[in-house]
Every structure is written in structure tokens, then in C-alpha cells.
Amino acid sequence: MGRSAEISRVTRETDIRLTLDIDGSGKADIHTGIGFFDHMLNSFARHGFFDLTLSVKGDLEVDTHHTVEDTGIVLGTAIKQALGDKKSIRRYGSMILPMDETLVLCAIDLSGRPYLGYDVLLTSERVGEFETEMLKEFFYAVSYATEMNLHIRKMAGENNHHVIEGAFKAFAKALDEATSPDPRITGVLSTKGTL
Ligand SMILES: [Mn+2]
């Protein structure tokens, strides 16, 4: 079946269906009800060469919190499931991504231990319908559900659309690298023998 996952998750706050293929070509079909968030997840799929379908019915009449956070939980769970035993993958990945005036660093270790290091200063309350304080919540949810060490740091940037998009693209490129197979690695890349 390859490195893919299909997940449905229904709570009183959100109803989420997601399919992910780590070894895709960047095809995406994404409907979260938040236009800017769709734009970001499309960028994530395209630049990481992940195939991603996502449909979210969230309680947007409240705000975007549950929709964004729960999407992060489901995406992280799918990444973890799709990677399985993590044999022969690089494990580490990083990217310093420029986008006009913006520069965002992302570094990943698929260590099996969740951690989020986050330093991304945003200066507007929202971009479109997307509440900018949800960027941290999204990556926190992804890092914990995937059980990955994830660092995201703004090195430069003024425009909030650019900074958030830079973060999603840097995350995509770093994750693509960390999940890529390396034929020199037999078993998992750890002296412990497990990740
Ligand atoms: Mn854009």
C-alpha cells in the first residue's frame, strides 16, 4: 500500500477526512472552510510532493481554533501512520526558505519524541479568515501527533502572509527531506535501533 494513510476523525467540534501519500507528486484537494488555510495546505502538498486530500467541517461559527488545531492533529497522525517503522529514511530534514523579504528556518527530527521550538513573530491578528495565533497551535498539534522534533523560526520577514506561507513551505521541504529514503540506511537511523 506504500507510505500512505487515510484518517477520519469526528468530534462535536470538527469532522475531518484526510488522505496522505508521502510519496506523491504534490496533488491536493483541500477544503477546510478557511481560504487562507487551504492556500497554506496546498503549498505544503505542492512543495513537499505529498498527495493530500482533506475535507474539514469545523465549528467556524465559533472561530478557526478547533478547525486548525484538529487538522494539525489529523495531519500529524497521518504522517506518523504513513511512515510506519521509519526504516531507511533520512530522519533529519531542514530548510531555510526565502520568500521575498521573508526567511523562515524549519528543522525536523523524526525522533519519536514530540517537541516544538517555535519563534515566529506575527504582527497582524489575522490573514484572511486565518487567526495568526493559530499557526503555533497547528504546528504544536502536528509535532505532537507525529512525535517529531520540529523547530520553526522566523529569521526575517514583515508581511504576515509571506511569513506564514514561508513557514508552511519550509516545513514541507524539511519534511520531504526527513522522510526521504537513503539506500545507505539499513534499518532505522538510530544507535538505539528504534525511532
Ligand atoms: Mn500566498
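## Overall fold

The protein has four helices and 10 strands. The model is predicted. From the N terminus onward, the elements follow the pattern β-β-β-α-β-α-β-β-β-β-β-α-β-α. The radius of gyration is 16 Å, close to the 16 Å that the globule rule gives for 195 residues, so the protein is as compact as a globular protein of that length.

Along the principal axes, the C-alpha atoms fill a box of roughly 50 × 40 × 30 Å. Of the 195 residues, 41% count as buried. Contacts reach far along the chain. Taking the contacts with a separation of 6 or more, 77% join residues 24 or more positions apart.

## The four-stranded sheet

One open sheet has four strands in the order 5-6-10-7, with mixed pairing. Its edges are strand 5 (92-99) and strand 7 (115-119), each of which pairs on one side only. On average, neighbouring strands in this sheet are turned by 10° against each other, direction ignored. In general, strands of a sheet pair through backbone hydrogen bonds, either parallel or antiparallel.

Strand 6 (residues 102-109) and strand 10 (residues 149-156) run antiparallel and are joined by seven bridges. Within this pairing, Asp109 stands opposite Asn149 of strand 10.

## Helices on the sheet

Two helices pack on this sheet. Helix 3 (residues 134-146) touches strand 7 and strand 10. The direction of helix 3 makes about 160° with that of strand 7. Helix 4 (residues 160-179) touches strand 5, strand 6 and strand 10. The direction of helix 4 makes about 150° with that of strand 5.

Helix 4 can be checked for length. At 1.5 Å a residue, its 20 residues should span 28 Å. The end C-alpha atoms of helix 4 are 28 Å apart, which agrees. Burial is the other point to note. In helix 4, 17 of the 20 residues are buried, so the helix is largely enclosed by the rest of the structure.

## Loops with positive phi

Most residues other than glycine have a negative phi. Two loop residues depart from that sign. Phe49 has a positive phi of about 55° although it is not a glycine. Phe49 lies in the loop between helix 1 (35-48) and strand 4. Phe49 has 18 other C-beta atoms within 10 Å. A residue needs 20 or more to count as buried and 12 or fewer to count as exposed, so Phe49 is partly exposed.

Glu147, also not a glycine, has a positive phi near 60°. Glu147 sits in the loop between helix 3 and strand 10. With 18 other C-beta atoms within 10 Å, Glu147 is partly exposed.

## Asp51 and its contacts

Asp51 belongs to strand 4 (residues 51-58). Asp51 has 18 other C-beta atoms within 10 Å, so it counts as partly exposed.

Which residues does Asp51 contact, leaving aside its neighbours within four places in sequence? They are Asp21, Gly24, Ser25, Lys27 and Ala45. Lys27 shows how sequence and space can part: Asp51 and Lys27 are 24 residues apart in sequence, yet their C-alpha atoms are 4.7 Å apart.

Key:
Residues numbered from 1 in each chain as written. Predicted model: local features only at pLDDT ≥ 70, side-chain atom pairs only at ≥ 80, totals over all residues. Rg over C-alpha atoms; globule rule 2.2 N^0.38 Å. Contact = placed C-beta atoms within 7 Å. Pairing = 2+ DSSP bridges. Axes fitted to C-alpha atoms, helices over the stretch in contact; angles between N-to-C directions. Expected span 1.5 Å × (residues − 1).
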